[in-house]
Amino acid sequence: MSITDMHQDLTGSERIAPRSDSPHPKTVNTSPLISAQKLTKQYGAAQAVFSNLDIDISEGETVALIGSNGAGKSTLLKCLIGLLPHSGGQVSVLDETFSGRPQAAQARRIRSDIGFVFQKHCLVSRATALTNVVHGMLGRAGSWRGWHQAIASPAWRQSAMEALDSVNLVHKANERVDQLSGGQAQRVAIARALVRKPKLFIADEPAASLDPKSGHDVMQRFVNLSKKNNITLMFTSHDMQHALQYADRVIALKNGSIFLDQKSDDLTAQDLKGVFSG
Ligand SMILES: Nc1ncnc2c1ncn2[C@@H]1O[C@H](COP(=O)(O)OP(=O)(O)OP(=O)(O)O)[C@@H](O)[C@H]1O
(Lines give C-alpha, C1' and ligand atoms only; values in the text may rest on other atoms or scores of the structure.)
Protein backbone atom coordinates (compact mmCIF):
# COMPACT_ATOMS: atom_id res chain seq x y z
CA MET A 1 0.00 0.00 0.00
CA SER A 2 1.43 3.39 -0.95
CA ILE A 3 1.59 6.24 1.52
CA THR A 4 -1.08 8.05 -0.51
CA ASP A 5 -3.35 5.02 -0.40
CA MET A 6 -2.84 4.73 3.32
CA HIS A 7 -3.69 8.35 3.85
CA GLN A 8 -6.88 7.84 1.92
CA ASP A 9 -7.68 4.77 3.97
CA LEU A 10 -6.95 6.31 7.32
CA THR A 11 -9.59 8.75 8.31
CA GLY A 12 -10.38 10.74 11.43
CA SER A 13 -8.84 9.43 14.60
CA GLU A 14 -9.28 5.80 13.67
CA ARG A 15 -6.78 3.59 15.55
CA ILE A 16 -4.44 1.46 13.51
CA ALA A 17 -4.57 -2.06 14.84
CA PRO A 18 -1.34 -4.07 14.83
CA ARG A 19 -1.53 -7.32 12.83
CA SER A 20 -2.20 -10.41 14.87
CA ASP A 21 1.30 -11.73 14.08
CA SER A 22 2.86 -8.42 15.06
CA PRO A 23 5.94 -8.67 17.33
CA HIS A 24 4.06 -6.57 19.93
CA PRO A 25 3.77 -6.50 22.91
CA LYS A 26 7.30 -5.49 23.67
CA THR A 27 9.30 -5.20 26.82
CA VAL A 28 11.65 -2.29 26.73
CA ASN A 29 14.60 -1.63 28.96
CA THR A 30 14.84 2.03 29.95
CA SER A 31 18.61 2.69 29.78
CA PRO A 32 19.27 4.98 26.79
CA LEU A 33 21.47 3.48 24.12
CA ILE A 34 21.37 6.65 22.05
CA SER A 35 20.91 10.11 23.42
CA ALA A 36 21.13 13.35 21.46
CA GLN A 37 20.79 16.85 22.85
CA LYS A 38 20.19 19.91 20.67
CA LEU A 39 21.41 18.00 17.65
CA THR A 40 21.83 20.21 14.61
CA LYS A 41 23.08 19.35 11.13
CA GLN A 42 23.90 21.71 8.32
CA TYR A 43 25.63 20.77 5.07
CA GLY A 44 28.04 23.60 4.21
CA ALA A 45 26.25 26.91 3.98
CA ALA A 46 22.87 25.34 3.20
CA GLN A 47 19.91 25.69 5.53
CA ALA A 48 20.14 23.29 8.48
CA VAL A 49 18.58 19.89 7.72
CA PHE A 50 17.44 19.77 11.35
CA SER A 51 18.07 21.84 14.48
CA ASN A 52 18.05 21.30 18.22
CA LEU A 53 16.71 17.74 18.19
CA ASP A 54 16.50 15.96 21.55
CA ILE A 55 16.21 12.18 21.19
CA ASP A 56 16.60 9.28 23.63
CA ILE A 57 16.47 5.70 22.35
CA SER A 58 16.34 2.94 24.95
CA GLU A 59 18.14 -0.36 24.72
CA GLY A 60 15.95 -2.95 23.02
CA GLU A 61 13.62 -0.45 21.36
CA THR A 62 12.58 -0.72 17.72
CA VAL A 63 12.23 2.76 16.28
CA ALA A 64 10.94 3.78 12.86
CA LEU A 65 12.14 7.09 11.49
CA ILE A 66 9.69 8.53 8.98
CA GLY A 67 9.27 11.71 6.95
CA SER A 68 9.08 13.00 3.40
CA ASN A 69 11.93 12.71 0.91
CA GLY A 70 14.68 15.03 2.04
CA ALA A 71 13.30 15.39 5.58
CA GLY A 72 16.67 14.31 6.94
CA LYS A 73 16.10 10.70 8.03
CA SER A 74 19.34 9.28 6.62
CA THR A 75 21.29 12.31 7.78
CA LEU A 76 19.92 11.89 11.31
CA LEU A 77 20.75 8.17 11.40
CA LYS A 78 24.31 8.91 10.32
CA CYS A 79 24.73 11.77 12.81
CA LEU A 80 23.44 9.61 15.67
CA ILE A 81 26.18 7.05 15.10
CA GLY A 82 28.94 9.51 14.19
CA LEU A 83 29.18 8.52 10.53
CA LEU A 84 28.50 12.16 9.71
CA PRO A 85 29.73 15.04 11.88
CA HIS A 86 26.96 17.14 13.34
CA SER A 87 27.04 20.93 13.40
CA GLY A 88 25.73 21.53 16.92
CA GLY A 89 24.72 19.68 20.06
CA GLN A 90 25.97 16.41 21.51
CA VAL A 91 25.47 12.70 20.94
CA SER A 92 25.96 9.73 23.25
CA VAL A 93 25.75 6.36 21.58
CA LEU A 94 26.88 2.97 22.82
CA ASP A 95 28.62 4.63 25.79
CA GLU A 96 30.59 7.05 23.60
CA THR A 97 29.90 10.77 23.87
CA PHE A 98 31.01 13.32 21.29
CA SER A 99 30.32 16.72 19.81
CA GLY A 100 30.92 17.24 16.10
CA ARG A 101 32.58 14.01 15.11
CA PRO A 102 33.78 11.11 17.29
CA GLN A 103 37.50 10.56 17.72
CA ALA A 104 38.90 7.79 15.52
CA ALA A 105 39.06 5.29 18.40
CA GLN A 106 35.50 6.16 19.45
CA ALA A 107 34.29 5.78 15.86
CA ARG A 108 35.86 2.31 15.68
CA ARG A 109 34.25 1.24 18.95
CA ILE A 110 30.86 2.55 17.87
CA ARG A 111 31.06 0.86 14.45
CA SER A 112 32.07 -2.45 15.98
CA ASP A 113 28.78 -2.62 17.91
CA ILE A 114 26.55 -1.77 14.94
CA GLY A 115 25.06 -3.99 12.25
CA PHE A 116 24.10 -2.08 9.09
CA VAL A 117 21.37 -3.01 6.62
CA PHE A 118 20.71 -0.87 3.55
CA GLN A 119 17.96 -0.64 0.96
CA LYS A 120 20.23 -2.08 -1.71
CA HIS A 121 21.69 -4.87 0.30
CA CYS A 122 25.32 -4.00 -0.66
CA LEU A 123 26.37 -7.64 -0.87
CA VAL A 124 29.11 -9.00 -3.14
CA SER A 125 26.86 -10.45 -5.81
CA ARG A 126 29.34 -12.98 -7.22
CA ALA A 127 30.22 -14.37 -3.76
CA THR A 128 28.19 -16.99 -1.92
CA ALA A 129 25.70 -16.19 0.80
CA LEU A 130 28.08 -17.72 3.37
CA THR A 131 31.06 -15.61 2.27
CA ASN A 132 28.89 -12.51 2.36
CA VAL A 133 27.85 -13.27 5.93
CA VAL A 134 31.48 -13.91 6.90
CA HIS A 135 32.21 -10.44 5.50
CA GLY A 136 30.28 -9.15 8.51
CA MET A 137 33.38 -9.97 10.55
CA LEU A 138 35.56 -7.56 8.56
CA GLY A 139 36.81 -4.91 10.94
CA ARG A 140 37.17 -7.42 13.76
CA ALA A 141 40.61 -8.52 15.03
CA GLY A 142 42.24 -10.82 12.47
CA SER A 143 39.64 -9.68 10.01
CA TRP A 144 41.57 -10.63 6.84
CA ARG A 145 40.01 -14.02 7.53
CA GLY A 146 36.68 -12.37 6.87
CA TRP A 147 37.36 -12.00 3.13
CA HIS A 148 36.19 -15.48 2.25
CA GLN A 149 34.48 -18.29 4.08
CA ALA A 150 37.25 -20.70 2.99
CA ILE A 151 39.86 -18.84 5.06
CA ALA A 152 37.55 -17.90 7.91
CA SER A 153 38.15 -19.60 11.24
CA PRO A 154 35.83 -22.53 12.00
CA ALA A 155 34.26 -20.41 14.76
CA TRP A 156 33.44 -17.59 12.32
CA ARG A 157 32.10 -20.02 9.74
CA GLN A 158 29.94 -21.57 12.46
CA SER A 159 28.67 -18.14 13.53
CA ALA A 160 27.93 -17.28 9.90
CA MET A 161 25.97 -20.51 9.46
CA GLU A 162 24.03 -19.78 12.65
CA ALA A 163 23.24 -16.30 11.34
CA LEU A 164 22.07 -17.79 8.05
CA ASP A 165 19.99 -20.28 10.02
CA SER A 166 18.31 -17.45 11.91
CA VAL A 167 17.04 -16.08 8.57
CA ASN A 168 16.19 -19.59 7.32
CA LEU A 169 18.80 -19.61 4.57
CA VAL A 170 21.19 -22.39 5.53
CA HIS A 171 20.15 -24.26 2.39
CA LYS A 172 21.37 -21.28 0.30
CA ALA A 173 24.75 -20.95 2.06
CA ASN A 174 26.77 -22.01 -0.99
CA GLU A 175 24.69 -20.18 -3.60
CA ARG A 176 25.93 -16.99 -5.16
CA VAL A 177 23.98 -13.96 -4.04
CA ASP A 178 23.11 -13.03 -7.63
CA GLN A 179 21.17 -16.32 -7.81
CA LEU A 180 18.94 -15.32 -4.87
CA SER A 181 15.67 -13.39 -4.86
CA GLY A 182 15.68 -9.81 -3.58
CA GLY A 183 14.05 -10.89 -0.33
CA GLN A 184 16.56 -13.70 0.19
CA ALA A 185 19.46 -11.34 -0.55
CA GLN A 186 18.14 -8.89 2.03
CA ARG A 187 17.92 -11.75 4.55
CA VAL A 188 21.60 -12.49 3.81
CA ALA A 189 22.33 -8.81 4.50
CA ILE A 190 20.52 -9.13 7.84
CA ALA A 191 22.54 -12.26 8.65
CA ARG A 192 25.73 -10.35 7.76
CA ALA A 193 24.70 -7.61 10.21
CA LEU A 194 23.71 -10.15 12.87
CA VAL A 195 26.95 -12.15 12.74
CA ARG A 196 28.74 -9.15 14.24
CA LYS A 197 26.64 -9.67 17.40
CA PRO A 198 25.81 -5.97 17.41
CA LYS A 199 24.06 -3.98 20.11
CA LEU A 200 22.42 -1.75 17.52
CA PHE A 201 20.95 -2.35 14.07
CA ILE A 202 20.86 0.67 11.75
CA ALA A 203 18.72 0.06 8.70
CA ASP A 204 18.08 2.60 5.94
CA GLU A 205 14.94 1.59 4.03
CA PRO A 206 15.55 -2.13 4.57
CA ALA A 207 12.46 -3.23 2.65
CA ALA A 208 12.11 -0.48 0.06
CA SER A 209 13.41 -2.57 -2.86
CA LEU A 210 11.10 -5.49 -2.13
CA ASP A 211 7.58 -6.38 -3.18
CA PRO A 212 4.97 -6.04 -0.38
CA LYS A 213 4.99 -9.72 0.61
CA SER A 214 8.78 -10.01 0.69
CA GLY A 215 8.97 -6.64 2.42
CA HIS A 216 6.73 -7.84 5.25
CA ASP A 217 8.61 -11.11 5.47
CA VAL A 218 11.96 -9.34 5.79
CA MET A 219 10.67 -6.81 8.31
CA GLN A 220 9.00 -9.51 10.41
CA ARG A 221 12.18 -11.59 10.55
CA PHE A 222 14.34 -8.55 11.18
CA VAL A 223 12.25 -7.31 14.10
CA ASN A 224 11.87 -10.78 15.60
CA LEU A 225 15.64 -11.27 15.47
CA SER A 226 16.22 -7.86 17.04
CA LYS A 227 13.81 -8.63 19.87
CA LYS A 228 15.14 -12.14 20.42
CA ASN A 229 18.72 -10.88 20.67
CA ASN A 230 17.83 -7.64 22.48
CA ILE A 231 19.34 -5.58 19.66
CA THR A 232 18.06 -2.02 19.40
CA LEU A 233 16.78 -1.35 15.89
CA MET A 234 16.43 2.01 14.16
CA PHE A 235 15.07 1.90 10.64
CA THR A 236 13.91 4.48 8.16
CA SER A 237 10.85 3.79 6.07
CA HIS A 238 8.43 5.38 3.66
CA ASP A 239 5.99 2.59 4.38
CA MET A 240 3.64 3.67 7.15
CA GLN A 241 2.36 0.16 7.59
CA HIS A 242 5.88 -1.08 8.31
CA ALA A 243 6.47 1.77 10.74
CA LEU A 244 3.23 1.10 12.63
CA GLN A 245 3.39 -2.64 12.55
CA TYR A 246 7.05 -3.34 13.27
CA ALA A 247 8.25 -0.43 15.40
CA ASP A 248 7.63 0.14 19.09
CA ARG A 249 7.94 3.83 18.47
CA VAL A 250 7.67 6.17 15.49
CA ILE A 251 9.65 9.38 15.14
CA ALA A 252 8.70 11.71 12.30
CA LEU A 253 10.89 14.49 10.98
CA LYS A 254 9.36 17.51 9.32
CA ASN A 255 10.76 20.94 8.51
CA GLY A 256 13.93 20.29 10.47
CA SER A 257 12.19 19.31 13.72
CA ILE A 258 10.64 16.30 15.38
CA PHE A 259 7.03 16.51 14.27
CA LEU A 260 5.91 13.41 16.13
CA ASP A 261 7.49 10.95 18.58
CA GLN A 262 5.01 8.36 19.84
CA LYS A 263 4.53 4.71 20.64
CA SER A 264 3.22 3.06 17.51
CA ASP A 265 0.34 1.50 19.45
CA ASP A 266 -0.87 4.97 20.40
CA LEU A 267 -0.67 6.47 16.91
CA THR A 268 -3.81 7.56 15.15
CA ALA A 269 -4.41 8.31 11.49
CA GLN A 270 -4.83 11.93 12.46
CA ASP A 271 -1.33 11.92 13.96
CA LEU A 272 0.15 10.61 10.73
CA LYS A 273 -1.73 12.88 8.37
CA GLY A 274 0.38 15.89 9.11
CA VAL A 275 3.74 14.17 8.57
CA PHE A 276 3.54 14.35 4.79
CA SER A 277 1.25 17.35 4.30
CA GLY A 278 2.16 20.98 3.82
N1 LIG B 1 26.23 14.91 1.32
C2 LIG B 1 25.32 15.89 1.27
N3 LIG B 1 25.70 17.14 0.94
C4 LIG B 1 24.81 18.15 0.91
N5 LIG B 1 23.49 18.00 1.17
C6 LIG B 1 23.06 16.77 1.49
C7 LIG B 1 23.95 15.65 1.55
N8 LIG B 1 23.24 14.55 1.90
C9 LIG B 1 21.97 14.97 2.04
N10 LIG B 1 21.85 16.29 1.80
C11 LIG B 1 20.63 17.08 1.88
O12 LIG B 1 20.11 16.97 3.19
C13 LIG B 1 18.70 16.88 3.16
C14 LIG B 1 18.24 15.62 3.88
O15 LIG B 1 18.66 14.48 3.11
P16 LIG B 1 18.44 13.00 3.63
O17 LIG B 1 19.00 12.11 2.59
O18 LIG B 1 18.97 12.90 5.00
O19 LIG B 1 16.86 12.93 3.69
P20 LIG B 1 15.94 11.64 3.77
O21 LIG B 1 14.81 12.00 4.66
O22 LIG B 1 16.74 10.45 4.16
O23 LIG B 1 15.45 11.52 2.26
P24 LIG B 1 14.92 10.25 1.42
O25 LIG B 1 13.65 9.82 2.07
O26 LIG B 1 14.70 10.83 0.07
O27 LIG B 1 15.99 9.21 1.47
C28 LIG B 1 18.28 16.95 1.69
O29 LIG B 1 17.95 18.28 1.39
C30 LIG B 1 19.54 16.56 0.96
O31 LIG B 1 19.61 17.15 -0.30
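Here are a few exercises on this structure, which is a predicted model, each with a worked solution.

**Exercise 1. Get an overview: how many helices and strands are there, and what share of the residues is buried?**

Start with the count of elements. The protein has 9 helices and 10 strands. Next, look at burial: 43% of its 278 residues count as buried. Finally, check how far along the chain the contacts reach. If you take contacts between residues at least 6 apart in sequence, 66% of them join residues at least 24 apart.

**Exercise 2. Work out the order of the strands in the open sheet, and find which strands stand at its edges.**

Step one is the order. The open sheet is built from 6 strands, running S6-S7-S8-S3-S9-S10, and its pairing is mixed. Step two is the edges. S6 (114-118) and S10 (257-263) each have a single partner strand, so one side of each has no neighbour in the sheet. Going from one strand to the next, the twist averages 15 degrees.

Step three is to see what "mixed" looks like in practice. Remember that strands of a sheet pair through backbone hydrogen bonds, either parallel or antiparallel. Take S3 (residues 62-66) and S8 (residues 232-236): they pair in the parallel sense, over 4 bridges. In that pair, alanine 64 sits opposite phenylalanine 235 of S8. Now take S9 and S10, which run antiparallel and are joined by 6 bridges. Here valine 250 has glutamine 262 in S10 as its bridge partner.

Step four is the link between those last two strands. S9 and S10 make a hairpin with 2 residues between them, and asparagine 255 in the turn has a positive phi of about 50 degrees.

**Exercise 3. Trace the pairing from S1 to S4 and on to S5.**

Begin at S1 (residues 32-41). It pairs with S4 (residues 88-93) in the antiparallel sense, over 5 bridges. Threonine 40, for instance, has glycine 88 in S4 as its bridge partner.

Move on to S5 (residues 96-98), which also pairs with S4 in the antiparallel sense, this time over 3 bridges. Serine 92 is matched with threonine 97 in S5. To finish, look at the turn: S4 and S5 form a hairpin with 2 residues between them, where leucine 94 has a positive phi of about 50 degrees.

**Exercise 4. Which residues of helix H9 are buried, and which are exposed on the other side?**

First, pick out the buried ones in H9 (residues 269-276): Leu272, Val275 and Phe276. These three cover an arc of only 75 degrees around the axis, which puts them on the same side of H9. It helps to know that an α-helix has 3.6 residues a turn, so residues three or four places apart point the same way. Then turn to the other side of H9, where Gln270 and Gly274 are exposed. Just after H9 comes glycine 278, with a positive phi near 75 degrees.

**Exercise 5. Is glutamine 220 buried, partly exposed or exposed?**

Locate it first: glutamine 220 belongs to helix H7 (residues 212-228). Now count. There are 17 other C-beta atoms within 10 Å of glutamine 220, so this residue is partly exposed; buried would take 20 or more, and exposed 12 or fewer.

**Exercise 6. List the residues around the ligand and sort them by character.**

The list reads Tyr43, Val49, Gly67, Asn69, Gly70, Ala71, Gly72, Lys73, Ser74 and Thr75. Sorted, this shell holds 3 nonpolar, 6 polar and 1 charged.

Technical notes: Residues numbered from 1 in each chain as written. Predicted model: local features only at pLDDT ≥ 70, side-chain atom pairs only at ≥ 80, totals over all residues. Near = placed C-beta within 6 Å. Nonpolar A, V, L, I, M, F, W, Y, C, P; charged D, E, K, R; others polar. Pairing = 2+ DSSP bridges. Axes fitted to C-alpha atoms, helices over the stretch in contact; angles between N-to-C directions. Arc of directions from axis to C-beta. Contact = placed C-beta atoms within 7 Å.
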